[in-house]
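Reader: I would be grateful for a close look at one part of this model. Please set out its geometry and burial, and then the contacts and links described elsewhere in the chain.

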Amino acid sequence: MSARPPLLRRPAGVALVVAGLAVLSTAAAVAVAPPSPSSSARARTLQQQLDDLVGAPGGPPGVIAVLRDGRRTRVLRSGVAQTGTHRAPGTDDHMRIASAAKAFSGAVALSLVSRGDLGLDDTLRRRLPKLPKAWGAVTLRQLLNHTSGLPDYIRAPAFQKTVTADPHHRFDSSRLLDYVADQPLRFRPGTRYQYSNSDNIAVALMAEAATGTPYEKLLGQRVYGPLGLHDTSLPQDYRIPTPYLHGYDVDPPAAPQDVSELLSASGIWASGGIISTPADVTRFVRGYTGGRLFAPRVAEEQRRWVTGASEPAGPGRNDAGLGIFRYTTRCGVVLGHTGNMPGYTQLMAATPDGRRSLTFSTTTQINEAQKPDLLKRLRTVQENVVCELLHASS
């Protein structure tokens, strides 16, 4: 591998790109559009859209969407799980879920809030006193909704230099914030929205400090076990369990480059390092939004929305809660999270009661910085999938 891998030739290649300003927003009511044409006609239209997405310049080699309405599960797919084969993407294929992992750190933290082990107003000064004093007033709530002002460690020149020189470098995940420890807050906590990968590193460290338990073990105790996730893990190296959806850097006219195992998960840890499957992600998002992991009073706090988009932006209008986003589409509201990293772009979402859900996985990185036109197209398809999900009974 060259000292400057092809994937890192673009500034956003390693970073989980940050976004947004925020002001307080009030919750919107769910408004479902009138029934559309028959389900078979809609399914044919969606399938064509997935095929067109795969065939678009710079498009992913594979796409899989899983829709579940409580009574049945439908799987739409296009392309292949690995170029040079005829194997279609599968619901049990492993994949990197990128920033959708932030919802998992939110789930751990909110479950601990529900138990009384953490408080939403607990500060970094109280829980992590070794972090810079200038960050001390930042609360768990502000970390979870990206209004903390913490500088993003992924943008730090020293971090970028290390990853560029050795993408397999094994980081000490507990020390990732050291890359920005000499920097002040970007703004006074609670006054703005700015997506930062540092936030969820701090969330995981607070959970560890409150319980004396490693974050990986907390995931098992507080998330995997209760929701029955059997194919989800947070590794420290670059390997992906088999079978898996291969992720690609797609930059025509060059052939797609397999980057599935390019990066070590240790460098993104609680911010984006989790590996899962479409089936497990479906179980997670249904349980997460459906209230199975924490008390209703905590869910109410989670859904105090501020204006801010996930990265990449999800379908419709985006608003940020605590470890979750609200996507207000033309057909109604779903809650969830997106993510993107080299080789993968993810959306998981469910209705606020968790009864209807979707996961949407593509095997290339699609975001505003690298592929703005394709992202616009992807968001349109995702919104159409949301509409199909909400019209599932018609």
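Author: The account below begins with one helix and then turns to a loop residue, a disulfide and a helix pair.

The model is predicted: local features need pLDDT of at least 70, side-chain atom pairs count only at pLDDT 80 or more, and totals for chains, interfaces and linings use all residues. Residues are numbered from 1 along each chain as its sequence is written, and side-chain values use heavy atoms, with hydrogens and water left out.

Helix H9 covers residues 278-289; helices (H or I, at least four residues) and strands (E, at least two) are DSSP runs numbered from the N terminus. Its 12 residues should span 16 Å at 1.5 Å a residue, and the end C-alpha atoms are indeed 16 Å apart. The expected span is 1.5 Å times one less than the number of residues. H9 is largely enclosed by the rest of the structure, because 11 of its 12 residues are buried. Buried means under 20% relative accessible area, exposed over 50%, and partly exposed in between, with a 1.4 Å probe and protein chains only. Among the buried residues of H9 are Pro 278, Asp 280, Phe 284, Arg 286 and Tyr 288. Just after H9, Gly 291 adopts a positive phi of about 85°.

Ala 279, also buried in H9, has its C-alpha atom 9.7 Å from that of His 230, although 49 residues separate the two along the chain. His 230 belongs to the loop between H7 and strand S4 (248-249), and with a relative accessible area of 69% His 230 is exposed.

The whole structure contains 1 disulfide, defined as a pair of cysteine sulfur atoms within 2.5 Å. Cys 331 and Cys 387 form this disulfide, with sulfur atoms 1.9 Å apart. The pair joins distant parts of the chain, 56 residues apart: Cys 331 sits in the loop between strands S9 (325-329) and S10 (332-341), and Cys 387 in helix H11 (residues 372-390). The torsion about the S-S bond is about 95°, so the disulfide is right-handed. Cys 331 is buried at 4% relative accessible area, and Cys 387 is buried at 6%.

Finally, the axes of helix H2 (residues 101-115) and helix H7 (residues 215-227) come within 9 Å and cross at roughly 75°. Axes are lines fitted to C-alpha atoms, for helices over the stretch in contact, and angles run from 0 to 180 degrees between N-to-C directions. H2 and H7 are therefore roughly perpendicular, a term for angles of 65 to 115 degrees.

Technical notes. Angles under 35 degrees count as roughly parallel, over 145 as roughly antiparallel, 65 to 115 as roughly perpendicular and the rest as oblique.
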